[in-house]
Amino acid sequence: MNTPAERIAALRARGAERLDPLRFHFIEALARRTAATGGPARPLLENRLARALDDCTARCAAAAAPASSAHALP
């Protein structure tokens, strides 16, 4: 599995920071905070970061999908 840093770099390469700059900044800040935190709070932050990365990845994939396929009639 990719590390959060690798996933953030992949999202940046896909244009996530231009698609939703505020969300992308939040993810980067959360990654820094997670890396600097230990103890019982660390797993909670890791979970939150993983969910944020998954959500951002899904949003990038949806934005990259052709518009015609999203509204195609049967």
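How are α1 and α4 oriented to each other, roughly parallel or roughly antiparallel? Let's work towards the answer with the model open beside us, bearing in mind that this is a predicted model.

Start with the whole chain. The protein chain has five helices and zero strands, and reading along the sequence gives the pattern α-α-α-α-α. Of its 74 residues, 23% count as buried. The accessible surface of the protein chain comes to about 5,200 Å², and carbon and sulfur atoms account for 60% of that surface. If you take the contacts between residues at least 6 apart in sequence, 53% of them join residues at least 24 apart.

Now to the opening question. Find α1 and α4 on your screen: their axes come within 11 Å and cross at roughly 20 degrees. An angle under 35 degrees counts as roughly parallel, and α1 and α4 are therefore roughly parallel to each other. Their crossing is left-handed. On the α1 side, the residues that meet α4 are P4, R7, I8 and L11. Facing them from α4 are L49, A50, L53, D54, C56, T57 and C60. Sorted by class, the residues of this contact divide into eight nonpolar, one polar and two charged.

Next, bring α3 into view. Helix α1 covers residues 4-13, and its axis comes within 11 Å of the axis of α3, crossing at roughly 165 degrees. Because angles over 145 degrees count as roughly antiparallel, α1 is roughly antiparallel to α3. The pass of α1 by α3 is again a left-handed crossing. Here α1 contributes I8, L11 and R12, while α3 contributes F24, I27, E28 and A31. By class, the contact of α1 with α3 has five nonpolar residues, no polar ones and two charged ones.

The remaining pairing to look at is α3 with α4. Helix α3 spans residues 21-36 and helix α4 spans residues 41-64; they pack at an angle of about 155 degrees, with their axes 10 Å apart. That makes α3 roughly antiparallel to α4. Once more, the crossing is left-handed. The α3 residues in this contact are R23, F26, I27, L30, A31, R33, T34 and A35. Those from α4 are R42, L45, E46, R48, L49, A52, L53, D55, C56 and R59. By class, the contact of α3 with α4 has 10 nonpolar, one polar and seven charged residues.

Some single residues are worth a closer look, beginning with L30 in helix α3. How accessible is L30, buried or exposed? At 5% relative accessibility, L30 counts as buried. Its C-alpha atom is separated by 7.5 Å from that of L45, although the two residues are 15 residues apart along the chain. Leaving aside neighbours within four places in sequence, L30 is in contact with L45, R48 and L49.

T34 is also found in helix α3. With 4% relative accessibility, T34 counts as buried. Beyond its neighbours within four places in sequence, T34 is in contact with R42, L45, E46 and L49.

Follow the chain onward to T37, which lies in the loop between α3 and α4. T37 has a relative accessible area of 18%; since buried means under 20%, T37 is buried. Which residues does T37 touch, leaving aside its neighbours within four places in sequence? They are R42 and L45.

Finally, turn to C56 in helix α4. C56 is buried, with a relative accessible area of 4%. Setting aside neighbours within four places in sequence, C56 is in contact with L11, A16, R23 and I27. Although C56 and A16 are 40 residues apart in sequence, they are 7.4 Å apart in space, C-alpha to C-alpha. C56 also takes you back to the helix pairs: C56 is one of the α4 residues that meet α1, and it is among those in the contact with α3.

Note on methods:
Residues numbered from 1 in each chain as written. Predicted model: local features only at pLDDT ≥ 70, side-chain atom pairs only at ≥ 80, totals over all residues. Heavy atoms only, no water. Axes fitted to C-alpha atoms, helices over the stretch in contact; angles between N-to-C directions. Helix = DSSP H or I, 4+ residues; strand = E, 2+ residues; numbered from the N terminus. Parallel < 35°, antiparallel > 145°, perpendicular 65-115°, else oblique. Left-handed = near helix turned anticlockwise from the far one by under 90°. Contact = heavy atoms within 4.5 Å. Nonpolar A, V, L, I, M, F, W, Y, C, P; charged D, E, K, R; others polar. Buried < 20%, exposed > 50% of the residue type's maximum accessible area, 1.4 Å probe, protein only. Areas by Shrake-Rupley, 256 points an atom, 1.4 Å probe, with all protein chains shown as cover.
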